[in-house]
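Hi,

Here is the model I promised to pass on. Have a look at it first, and my notes follow underneath.

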Amino acid sequence: MEKITDDALIKEIKEHPEQGLKIALGIYGGAVKTICGNILGRDKKSDIEECISEVFFQLWKDCGRYHPDYPLKNYIYGIARYTALDMRKKLLKHSQTVTFEEIELALDSNIDTANSVVSQETAKDIYSEMLTFPFPDKEIFLYRYYFWFSIQEIADMLNLSYKAVESRLYRGKERLRKKLSERGVAL
């Protein structure tokens, strides 16, 4: 398939929705699936599929709101992120009950509660520190460690070279290590 421009794809979705969405799914479906899977949990296959469908439905419904100065992939990834977050919120609201089997499994497992709490606190410290990173370092870390994009995908999304993304990840990890060790958090 030859490369299609963002404007041409939006026009195709408006004029021939079935064909346009098929093209969009072919181009962006893999990344949308990754985003949805990372937010919802990779084991929730039917929820992920439902989320992907909703993302492309929203794209069709709101394609008139797309602004051509903004990359279409970022627009679609934003729809995916917000759709998956909304879906996760709804799923969590409906799954607040805990079964006796789940409680027994938790009690029977050899999980060290103290270590688990320390790990959660360390993760919060890392996340908070990472949010202070300047552009594009913060985005690179989010895409890599929270949405699990490959280095090449991140490079493409941010119009950077593979090597630049790799270097920024390395320097960012060193920066995190230094900042957190100053606070007494060992990595």
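Confidence in this predicted model peaks in helix α3 (residues 45-62), with a mean pLDDT of 93, and bottoms out in helix α5 (residues 100-108), at 47. (pLDDT is the predictor's per-residue confidence, from 0 to 100; helices are DSSP runs of H or I, at least four residues, numbered from the N terminus.) Residues 96-118 have a pLDDT below 50, and in the model that stretch makes three contacts beyond near neighbours in sequence, a contact being heavy atoms within 4.5 Å. Where pLDDT is low, the coordinates should not be read in detail. The protein as a whole averages 81, with 81% of the residues at 70 or above.

Some housekeeping: residues are numbered from 1 along each chain as its sequence is written. The model being predicted, local features need pLDDT of at least 70 and side-chain atom pairs count only at 80 or more, while totals for chains, interfaces and linings use all residues; side-chain values use heavy atoms, without hydrogens or water.

Now α2 (residues 17-40): its end C-alpha atoms are only 27 Å apart, whereas a straight helix of 24 residues would span 34 Å (1.5 Å times one less than the number of residues). There is a kink of about 65° centred on Tyr-28, taken as the angle between axes fitted to the seven residues ending there and the seven starting there. Gly-41, with a positive phi near 110°, follows α2.

Two loops are worth a look as well. Between α6 (113-130) and α7 sits Pro-136, and the peptide bond leading to Pro-136 from Phe-135 is cis, with omega near 0°. Asn-159, in the loop between α8 and α9 (162-182), has a positive phi of about 55° despite not being a glycine.

Cheers
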